[in-house]
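Thank you all for making the time this morning. I would like to walk slowly through one structure that will be new to most of you, so please have the sequence and the 3D view open while I talk.

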Amino acid sequence: RSTLFPYTTLFRSERWAPVIERFPFARYAAHGTRLGIASTRNLGLTRVSGELVQSLDCDDLILPGGLATGIEAFAAYPHIHWVSGQADDQLPDATRVPWEPYIGPGIVEPGVVGAFIEERNMVPIACPGLMMRTATVRALGGWAANPRWDDTALFVALAELAPGYVTPEVTWLYRQHDGQTSRQSGWFPLRAELWVSVRQRINALREVGLRVACP
């Protein structure tokens with residue numbers, strides 16, 4: 001009942017076709033051009049048929065049972081719209097370093113994430129491992145067309161409007177390596193402006209007073 005579609009490269013490059021063919025439940029479609037992360041994820045969203053969608057960057061890893069943990073959380077708490085599994089950093093030598101959770105585990109009510117951002121000037125969860133209701137993601141316009149933090153901009157809107165859940169279980173690994181986009185020098189110049197856009201989105205949602213209905 002969930003659909004997993006990976007990161008940009010999966011849909012851009014033919015070299016991934018043999019990998020995908022090993023998994024009978026997976027679908028592969030190369031679009032042959034660089035659309036950027038947000039546009040590629042939104043293109044993938046048009047092909048999703050399940051009630052839930054799980055995003056994951058191509059250099060990170062879902063652990064065995066990670067998808068099931070998210071699906072079970074939605075079944076246990078039908079009113080939630082997103083699930084964040086705990087993550088461990090995976091270092092280049094394969095060592096795993098646990099993250100200290102900033103919120104949760106448990107139900108996270110609307111507005112809690114926005115308040116955390118205002119107080120701490122940081123996002124309390126890692127957005128690449130989110131599982132979300134497909135309909136809610138579509139209603140919010142999918143991933144934001146930002147050159148950075150497209151998943152963060154989506155998540156702050158989702159968390160401002162709807163309740164979610166942070167699992168106590170570690171469901172995925174955030175791989176640390178020198179080739180990470182966020183470690184490249186060209187990634188940083190726009191960071192300040194994009195952080196402003198995240199705050200603007202939170203404030204705009206509060207001003208308009210939108211809310212998401214429970215399923």
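I will begin with an enclosed space inside the protein, and then take up the elements around it.

Please keep in mind throughout that this is a predicted model, and that what I describe has been computed from it.

How many cavities of 30 Å³ or more are there? The count comes to 1, and the space in the largest cavity amounts to about 60 Å³. If you would like to mark its lining in your viewer, the residues are Q54, I62, G66, L67, T69, G70, V83, G85, G129, M131, T167 and T171. The elements that contribute two or more residues to that lining are α4, covering 66-76, β4, covering 82-90, and β8, covering 164-175, and the largest share, 4 residues, is the one given by α4. Sorted by class, the lining holds 8 polar residues and 4 nonpolar ones, while no charged residues are found in it.

Let me stay with α4 for a moment, and ask which of its residues are buried. They are G66, T69, G70, A73 and F74, and when we look down the axis of the helix these buried residues fall within an arc of 135 degrees, so they line one face of α4. The general background is that an α-helix has 3.6 residues a turn, so residues three or four places apart point the same way. On the other side of α4 we find E72, A75 and A76, which are exposed.

Following the chain onward, the loop between α4 and β4 contains P78. With a relative accessible area of 49%, P78 counts as partly exposed, because that class ends at 50%. The C-alpha atom of P78 is separated by 7.8 Å from that of C214, although the two residues are 136 apart along the chain.

Now to β8, which pairs with several strands. With β4 it pairs in the parallel sense over 8 bridges, and one of the residue pairs to look for is D89 with its bridge partner Y174 in β8. Strand β3, residues 61-62, pairs with β8 in the antiparallel sense over 2 bridges, and here L61 has L173 as its bridge partner. Strand β6, residues 106-108, is also antiparallel to β8, with 3 bridges between them, and G106 is partnered there with V166.

The last residue I would like to follow is Q54, which belongs to the cavity lining and sits in strand β2, residues 52-55. Is Q54 buried or exposed? Its relative accessibility is 4%, and since anything under 20% is classed as buried, Q54 counts as buried. The side chain of Q54 reaches the backbone oxygen of G129 at 3.0 Å, and G129 is itself listed among the lining residues. A polar atom of the Q54 side chain also lies 3.4 Å from the backbone oxygen of L130.

The strand that carries Q54 is covered on both faces, with L52 and Q54 buried on one side and V53 and S55 buried on the other. β2 pairs in the antiparallel sense with strand β7, residues 130-133, over 3 bridges, and within that pairing V53 stands opposite M132.

That brings me to the end of the tour, and I am happy to go back to any of these places in the viewer.

Notes. Residues numbered from 1 in each chain as written. Predicted model: local features only at pLDDT ≥ 70, side-chain atom pairs only at ≥ 80, totals over all residues. Heavy atoms only, no water. 1 Å grid on protein atoms, 1.4 Å probe; cavity = no way out; pocket = protein on both sides within 12 Å on 5 of 7 lines; lining within 4 Å. Points joined across faces, edges and corners; volume = space filled by probe spheres on them. Nonpolar A, V, L, I, M, F, W, Y, C, P; charged D, E, K, R; others polar. Pairing = 2+ DSSP bridges. Buried < 20%, exposed > 50% of the residue type's maximum accessible area, 1.4 Å probe, protein only. Polar contact = N/O pair within 3.5 Å; in protein donor to acceptor, adjacent residues only side chain to side chain. Arc of directions from axis to C-beta.
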